[in-house]
Amino acid sequence: MLKTFKPGGVHPPENKISAGKSIEVLAIPKTVSIPVSQHIGAPAVALVNRGDEVKVGQVIAKSGGFVSANIHSSVSGKVKKIDIIPDSSGYPKSGIVIDVEGDEWLEKIDRSEELVKDFDLDSKEIVDKIMEAGIVGLGGATFPTHVKLVPPKGMKAEILIINGVECEPYLTSDHRLMLEKANEIVVGTRLLMKAMGIEKGYIGIENNKPDAISLLTEKTKEYPNIKVVSLKVKYPQGGEKQLIKAITGREVPSGGLPIAVGTVVSNVGTAFAVYEAVQKNKPLFERIVTVTGKSVEKPSNFKVRIGTAVSELIEAAGGTPEDTGKIISGGPMMGKAIAKTDVSVTKGTSGILIIKDEESKRRETIACIRCSKCVSVCPMGLEPYLLMTVSQKQMWDAVEANKVMDCIECGSCSYTCPSNRPLLDYIRLGKGKVGQIMRARKN
Amino acid sequence: MSKILTVSPSPHVHSDESVNKIMYRVVLAMMPALAWSVFVFGFDALRVTLTAVAACIVFEYLIQKFLMKVTPSVTDGSAIITGILLAFNVPANIPWWIIIIGALVSIGIAKLSFGGLGNNIFNPALVGRVFLLISFPVHMTSWPVNIQSGVDAVTSATPLGLIKESIKNGQVLSDVLGDVPGTMDMLLGNIGGSLGEVSALLLIVGGIYMLFRKVITWHIPVAVLGSMAIFSGILWLVNPEIFMNPVFHLLTGGAMLGAIFMATDMVTSPMTPKGQIIYGVGIGIITISIRTWGAYPEGISFAILLMNAVTPLINTYIKPKRFGGTK
């Protein structure tokens, strides 16, 4: 029987329209706007000034703290300005705008397609290269990878899980990467294992991608300590805690990190970026982005330079369809709706999804009929109906006691509710408030 | 493009589940039992059911519009279910005005006075039924003859009533077992009883459909019927001369109707599987206790209502297993 997580989970229509589309390199835009904060943690500190000449791969903003990451130029050209640019949520954030001139890469970057398998580096050297390259979790959480690779004192990682689940409907960037860069991903996986001294690696893939499963199974044949695990399709299996549960049966304790159960999880995109950083000296300045939607003329998977405007991607996919109602950065379950298409692709942008007008509005909310579907689909064993009610009533003690902080915001509850209740909206409200209260208590 | 985009928090997609769909699946699940009822009790069964449904819809509409001054929500299908369930719980020959009173109590008192769909503590149809049982005991226990049972009479007794009567008269069960319908008749529904409760088999068919369409889960029906079987089985093993066997208990009275269609009412039953099992076991034990030692021959209505009252308490103390929790 195929492995999967429990409890909970839902089966939204997969709609992987762009799954058959090979990765295309998107033309370099005329200007890029590169935010200095593309990761969880402190924003990076800009190193360049207006008028400076930069090359592809050059550090333009330096890691701004322990949990932070370097930012590199994705193009060559001249720094136009260092300005406030809106991020995908519309918040003003500091960013570096570069006018593109040519495509001149730093010389140290190996641009050949040749597969390099050099495992002579020691753990520290690998981690340093990853840190230097500004690699963050590319599954969407954007946690700096070099921080994750150095476990807190007294904790030891035994298992590395590479996340090739891509459980979000529509998105296919990880799928395409697995098909087209399987060798590189396997090398990246081995490098990550070496960096942490891990003996056992798993690559978890849902069985709606049989081509990726068989390809990676073949590529890992020569490494008996790396196993490809075929998983039963169920959302949110790509959630870190759910994937660990599905593959190892271990449960990350409430409030804890995967390392608490001896595991570390990295996305396939991250494994590929690690390969490029360590074997090719190539920093993270481009990524695969799916552009898709039911009315999109040319659903595609693009290799995009970081800082490219979302509008350029949409143009390349055939333009904004007439019936567009909503544009989402990410997938339909956890992605963010964006108000304008002039925002930049960042390290965490896995896809651009264009939703039709008639599917973009929420349906009318009616009374809770206590059907308990939200409880049965919650992958964290929470009671969404209750959390919503106590959040609405501002009973923050009750919100906290009912484990609101465990919520991973996967949206399964809101997705499934037959009364169309905005469960996750209120749970987020409760989470934010309880988070504040908890921090105040600590101080 | 100058179009204004919709911006809202995730998730951006929704399943095609809706309250309407759930309600109409329940209605559909009750159709086999209703068809059987028309077959064995004649046109009366249809008349009573339609009266009950119409009354429930009309009362819901009028009360919401003119007393509560809210937008009437009669189209959600819940009033139809209440109407059918109320009809299922009364004799098929009940006078029209009694069923209308029952509908008023169900919708007006049990449902809307608590705030309407989703907010009622007690199962509306059962509140209506119990109100009628207490107010019109004669009408509510004069059972029409089941055409298929081959008995030549105007009124008939239910199997449970038969047993209660004989125990009361000091008889031992072996003396009256000959009068009790056979297991096959009870399973198919060739017995006397309320309009919708007689055919155990067709109620199970409806239950399987609801399970299949994920309207209900197995927990409540299995807990109710299982605990009834175990509890009555123990009593039967102790003394088969005064206690009936478990098969009899499962196939008679409102056991199937209650376990499959009324105890499973989403609004009034617990939210977690564990809570649902506790609730179901409570119903089973109370039902057998009332049937065995109570004044009424049948007790599942009371049992469900009593456990409805305990549901909020169960929800407070029985929590789902938290992911990564310590216990």
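## A walk through chains A and B

Start with chain A and its contact map: among contacts between residues at least 6 apart in sequence, 73% join residues at least 24 apart. Keep in mind that what you have open is a predicted model. The predictor gives the complex an ipTM of 0.89 and a pTM of 0.91. If you colour chain B by pLDDT, its mean is 90, and 96% of its residues reach 70 or more.

**Chain A as a whole.** Switch to cartoon and you'll find 14 helices and 17 strands in chain A. The radius of gyration of this chain is 21 Å, close to the 22 Å that the globule rule gives for 443 residues, so chain A is as compact as a globular protein of that length. Line up the principal axes and the C-alpha trace spans about 65 × 50 × 50 Å. Of the 443 residues in chain A, 58% count as buried.

**Colour by domain.** Give residues 28–100 of chain A one colour for domain 1, then do likewise for domain 2 (123–280), domain 3 (287–360) and domain 4 (373–442). Now hold on to domains 2 and 3 of chain A, whose C-alpha centres lie 25 Å apart. Where these two touch, domain 2 puts in 14 residues and domain 3 puts in 16 residues. On the domain 2 side, select helix H3 (residues 173–180) of chain A, which gives the most to that contact, with three residues. By class, the domain 2 side divides into seven nonpolar, five polar and two charged residues.

**Stop at A:Ser33.** Select strand E2 (residues 31–35) of chain A and pick out A:Ser33 in it. Is A:Ser33 buried or exposed? A:Ser33 counts as buried because it has 24 C-beta neighbours inside 10 Å, and the cut-off for buried is 20 or more. Leaving aside neighbours within four places in sequence, show its contacts: A:Ile85, A:Gly95, A:Val97, A:Gly307 and A:Ser344. Then draw a distance from A:Ser33 to A:Asp342: their C-alpha atoms are separated by 9.5 Å, though the two are 309 residues apart along the chain.

**Over to A:Val390.** Next, pick A:Val390 in helix H11 (residues 384–392) of chain A. A:Val390 has 22 C-beta neighbours inside 10 Å, so this residue counts as buried too. Not counting residues up to four places away in sequence, A:Val390 touches A:Met395, A:Ala398, A:Val399 and A:Asn402. Of these, try a distance to A:Asn402: twelve residues away in sequence, and 9.4 Å in space, C-alpha to C-alpha.

**Into the core.** In soluble globular proteins, nonpolar side chains tend to be buried together. Here, the largest nonpolar core has 222 residues, and those touching the most other members are A:Ile130, A:Leu160, A:Val274, A:Leu313, B:Ala52 and B:Ile84. Helix H1 (residues 19–41) of chain B gives the most to this core, with eleven residues. Zoom in on A:Leu160: setting aside neighbours within four places in sequence, its contacts are A:Thr189, A:Leu192, A:Met193, A:Met196, A:Ile198, A:Gly201, A:Val264 and A:Ser266.

**Last stop, the interface.** How many residues does each chain bring to the contact between A and B? Chain A supplies 50 residues and chain B supplies 31 residues. Colour the chain B side by class and you get 14 nonpolar, 13 polar and four charged residues.

Terms used: Residues numbered from 1 in each chain as written. Chains lettered and ligands numbered in written order. Predicted model: local features only at pLDDT ≥ 70, side-chain atom pairs only at ≥ 80, totals over all residues. Helix = DSSP H or I, 4+ residues; strand = E, 2+ residues; numbered from the N terminus. Buried ≥ 20, exposed ≤ 12 C-beta atoms within 10 Å, placed from the backbone. Contact = placed C-beta atoms within 7 Å. Nonpolar A, V, L, I, M, F, W, Y, C, P; charged D, E, K, R; others polar. Core = buried A, V, L, I, M, F, W, Y, C linked by C-beta atoms within 7 Å. Rg over C-alpha atoms; globule rule 2.2 N^0.38 Å. pLDDT = per-residue confidence, 0-100. Domains from an automatic or database assignment.
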